Amino acid sequence: MRIFRIPHIQSIPRARTFTASKALLQDLPHSTRAGKLEAKPSTEKLAPGALAGKVAIITGASRGIGAAVAERFAKEGARCILVGRDKDRLTKVRDGLVSEYETTHGLAIGDVRDVEWWKEFSKKHKQTDILVNAAGISPSSTFVRTDPDLLDEVVRTNLTGTMMACRIVARQMMAQSSNIDRGCIINISSLLGLRGGRGSVAYSASKAGVIGLTTALAAEIGRVGIRVNVIVPGYIETDMTAAMTPEARSEALNAIPAKRFGQASEVADAAVFLATNRYANNCVLNLDGGLSAV
Ligand SMILES: NC(=O)c1ccc[n+]([C@@H]2O[C@H](COP(=O)([O-])OP(=O)(O)OC[C@H]3O[C@@H](n4cnc5c(N)ncnc54)[C@H](OP(=O)(O)O)[C@@H]3O)[C@@H](O)[C@H]2O)c1
């Protein structure tokens, strides 16, 4: 089976200094070299990353979409706080960010379903500019055969976990300044939250809930300067889709107009757009290679 891949989209360079090389100066017209530009020191600040100075909390950051968002946000200059249950995996992601981007990033080890954990978290982390809720699970099994505990676990992870994070962070954002642009929340739903799919009743219900939560919250807190948006991915190449049977995968690939699954980095690009575009509020951003159209 052929899996289509596209190269990562290049990001805005992060803040750094550079020394203009001779070759670079030689490319300029002679009059410019002799004029003002040449007279300037050769250590000029490049444009800072689009998220420089921002603090971003990212749940589900140990792998997949959450890890890709953390990577992309760090590239744009944000300081990331990575939330997840697996300390070793989170540490690996954090260490990768620190060595690549030379900024400090934090870890918060916990389960997004745990309301008490979120309360403790809010006592330790006071400043948040961006929240990305990417933690999620998607066990596949037919509804009538699924254990009620598992149905509950899916809803508590995907919906309640997202809601708890939104509540804690929205309260922080409201308290931290009176700015017109107080912060941005980005939730990750799923195309299965908009339409059905076999073996995904609890998952679809939870993801439909995430869309409802997003739009209702945008109506409530948009007026105090907090933007709330949701990304609605189709099939993305992560551990989640790696668990699909070959038949299900092939059926999905056939249905997607783009004829490939998306990359986690492409979801991360969408998250950067939502985090930086100050008019983006209550966006329900489909990212599915056209699957929602067919
Ligand atoms: N991949 C897709 O095709 C696709 C499509 C549509 C929507 N989505 C959504 O996108 C989000 C990310 O999915 P993914 O594909 O990146 O999945 P993934 O690779 O399986 O990663 C899931 C992440 O969620 C974390 N997580 C799960 N339960 C948690 C809990 N109770 N507390 C804290 N963290 C928890 C995992 O952390 P641990 O390391 O602790 O397990 C992991 O970091 C999910 O909400 C998913 O529903 C994915």
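This is a walk through one protein chain and its ligand, from the overall fold to a few individual residues. The model is a predicted one, so please read every value here as computed from predicted coordinates.

Let's start with the whole chain. The protein chain has eleven helices and nine strands. It runs to 294 residues, of which 39% count as buried. Among the contacts in the chain with a separation of 6 or more, 76% join residues 24 or more positions apart.

Now turn to the ligand. A shell of 30 residues surrounds the ligand, and the closest are G60, G64, R85, G136 and T238. By class, this shell is made up of 13 polar, ten nonpolar and seven charged residues. Three helices each give the shell at least two residues: helix 4 (64-75), helix 7 (148-176) and helix 9 (239-242). Two of these, helix 4 and helix 7, are good places to continue, and helix 4 comes up in two separate packing contacts.

Take helix 4 with helix 11 to begin with. Their axes come within 8 Å and cross at roughly 55°. An angle of that kind falls outside the ranges for roughly parallel, roughly antiparallel and roughly perpendicular, and helix 4 and helix 11 are therefore oblique to each other. The crossing is right-handed. On the helix 4 side, the contact is made by G64, I65, A68, V69, E71 and R72, and on the helix 11 side by A264, S265, V267, A268, D269, A271 and V272. These residues divide into eight nonpolar, two polar and three charged. You may recognise G64 here: this residue of the contact is also among the closest to the ligand.

The partner on another contact of helix 4 is helix 5 (residues 87-101), and here the axes come within 10 Å and cross at roughly 20°. Since angles under 35 degrees count as roughly parallel, helix 4 and helix 5 are roughly parallel to each other. Once again, helix 4 passes its partner, helix 5, in a right-handed crossing. Helix 4 brings A67, A70, E71, A74 and K75 to this contact, while helix 5 brings V93, L97 and Y101. By class there are six nonpolar and two charged residues, with no polar ones. E71 is worth finding in the structure, as it takes part in the contact with helix 5 and also in the contact with helix 11.

Helix 7, which also supplies residues to the ligand shell, packs against helix 8 (residues 201-221) at an angle of about 15°, with the axes 8 Å apart. The two helices are therefore roughly parallel to each other, and helix 7 passes helix 8 in a right-handed crossing. From helix 7 the contact draws on L151, V154, V155, N158, L159, T162, M163, C166 and A170; from helix 8 it draws on A202, Y203, A205, S206, K207, G209, V210, L213, L217 and I221. Sorted by class, the residues of this contact are 14 nonpolar, four polar and one charged.

L151 of helix 7 deserves a closer look. With 18 C-beta neighbours inside 10 Å, it counts as partly exposed, because the buried class begins at 20. Setting aside neighbours within four places in sequence, L151 is in contact with T146 and A202; A202 belongs to the helix 8 side of the contact just described. L151 and P139 are twelve residues apart in sequence, and their C-alpha atoms are 9.2 Å apart in space.

Further along the chain is M244, in the loop between helix 9 and helix 10. M244 is partly exposed, with 16 other C-beta atoms within 10 Å. Its C-alpha lies 8.9 Å from that of S140, although M244 and S140 are 104 residues apart in sequence.

Finally, two loop residues have backbone angles to check. K259, in the loop between helix 10 (246-255) and helix 11 (264-276), has a positive phi of about 60° although it is not a glycine. With 12 other C-beta atoms within 10 Å, K259 is exposed. N282, also not a glycine, has a positive phi near 65°. This residue sits in the loop between helix 11 and strand 9 (284-287), and its 15 C-beta neighbours inside 10 Å make N282 partly exposed.

Notes. Residues numbered from 1 in each chain as written. Predicted model: local features only at pLDDT ≥ 70, side-chain atom pairs only at ≥ 80, totals over all residues. Near = placed C-beta within 6 Å. Helix = DSSP H or I, 4+ residues; strand = E, 2+ residues; numbered from the N terminus. Nonpolar A, V, L, I, M, F, W, Y, C, P; charged D, E, K, R; others polar. Axes fitted to C-alpha atoms, helices over the stretch in contact; angles between N-to-C directions. Parallel < 35°, antiparallel > 145°, perpendicular 65-115°, else oblique. Left-handed = near helix turned anticlockwise from the far one by under 90°. Contact = placed C-beta atoms within 7 Å.
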